[in-house]
Amino acid sequence: MAPIRNAIRKEHKIWIAYADETGRRTERRIWPISLTFCERVRLLAAWCELREAYRQFRTDRIVGFTETADRYPRPRRVLAKEWREIVGLPEPA
């Protein structure tokens, strides 16, 4: 998780290879904004360029990862605020 946290801190886009629940793999370029826990699963919240929407990715299904030098076009705090509003999470204290 350290490389993902590092990309989040630097506001760098990443490429991931991701396997869905059936094992089907896709490659996506995402803007990682937050690592969270939901029950027993760690989730990576991100803007997905493929879907042009916020998505959550289970970190145990990320099978490949490459950090790019490309920065997000907007600050992470703005993206995180939008994501929290969409999923119905309160602002952090």
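Begin by selecting K13, R29, E49 and D70 together, since these four residues are linked in a network of salt bridges. The model on the screen is a predicted one, and the network is a good place to learn its layout. Within this group, look at E49 and K13, which form a salt bridge whose closest N and O atoms are 3.1 Å apart. The pair links distant parts of the chain, for E49 sits in the loop between strand 3 (41-48) and strand 4 (53-58), while K13 belongs to strand 1 (residues 12-19), 36 residues apart. Is K13 buried or exposed? With a relative accessible area of 10%, K13 is buried, whereas E49, at 26% relative accessibility, counts as partly exposed.

**The whole chain**

Now zoom out and colour the protein chain by secondary structure, which comes to 2 helices and 5 strands. Followed from the N terminus on, the elements run α-β-β-β-β-β-α, so that a helix is met at the beginning of this order and another at its end. Turn the chain about its principal axes, along which the C-alpha atoms fill a box of roughly 35 × 30 × 25 Å. The radius of gyration of the protein chain is 13 Å, which agrees with the value near 12 Å that a compact globule of 93 residues would have.

Colouring by accessibility adds a further view, in which buried residues make up 39% of the 93 residues. If a surface is switched on, the protein chain exposes about 6000 Å², and carbon and sulfur atoms supply 49% of that area. When the charged residues are selected, there are 20 positive and 13 negative charges, and the mean positions of these two sets are 3 Å apart. Of the contacts in the protein chain with a separation of 6 or more, 53% are between residues 24 or more positions apart.

**Two further salt bridges**

The structure holds 10 salt bridges, and two more of them deserve a stop. Select K10 and E67, which form a salt bridge with their closest N and O atoms 3.0 Å apart. K10 lies in helix 1 (residues 2-10) and E67 in strand 5 (residues 62-71), so this pair ties together parts that are 57 residues apart in sequence. Both partners can be checked for accessibility: K10 counts as partly exposed at 34% relative accessibility, and E67 is partly exposed with a relative accessible area of 27%.

Move next to helix 2 (residues 76-87), where K81 and E85 both lie, 4 residues apart, about one turn of the helix. Their side chains form a salt bridge in which the closest N and O atoms are 3.5 Å apart. K81, at 41% relative accessibility, counts as partly exposed, while E85 is exposed, with a relative accessible area of 54%.

**Three residues in the strands**

For the next stop, select L35, whose place is in strand 2 (residues 25-38). Which residues does L35 contact when its neighbours within four places in sequence are left aside? They are M1, I4, R5, I8, R42, L43, L44 and T59. One of these, R5, is 30 residues from L35 in sequence, and the two are 7.7 Å apart in space from C-alpha to C-alpha. L35 itself is partly exposed, with a relative accessible area of 24%.

Go on to T68, which has its place in strand 5. This residue counts as buried at 15% relative accessibility, because the cut-off for buried is under 20% relative accessible area. Not counting residues up to four places away in sequence, T68 touches H12, K13, I14 and W15, and K13 is a member of the network with which the tour began. Add A7 to the selection as well: its C-alpha atom and that of T68 are separated by 8.5 Å, although the two residues are 61 residues apart along the chain.

The last stop is A53, which is found in strand 4. Apart from its neighbours within four places in sequence, A53 is in contact with A46, W47 and C48. To end with a distance, draw a line from the C-alpha atom of A53 to that of R84, and the separation is 13 Å in space for residues that stand 31 residues apart in sequence.

How values were computed: Residues are numbered from 1 along each chain as its sequence is written. This is a predicted model: local features need pLDDT of at least 70, side-chain atom pairs count only at pLDDT 80 or more; totals for chains, interfaces and linings use all residues. Side-chain values use heavy atoms; hydrogens and water are left out. The radius of gyration is taken over C-alpha atoms; the globule rule is 2.2 Å times the number of residues to the power 0.38. Buried means under 20% relative accessible area, exposed over 50%, partly exposed in between (1.4 Å probe, protein chains only). Contact means heavy atoms within 4.5 Å. Accessible areas come from the Shrake-Rupley method with a 1.4 Å probe; for residues, only the protein chains shown count as cover. Lys and Arg count as positive and Asp and Glu as negative; His and the chain ends are not counted. The place of a charge is taken as NZ of Lys, CZ of Arg, CG of Asp or CD of Glu.
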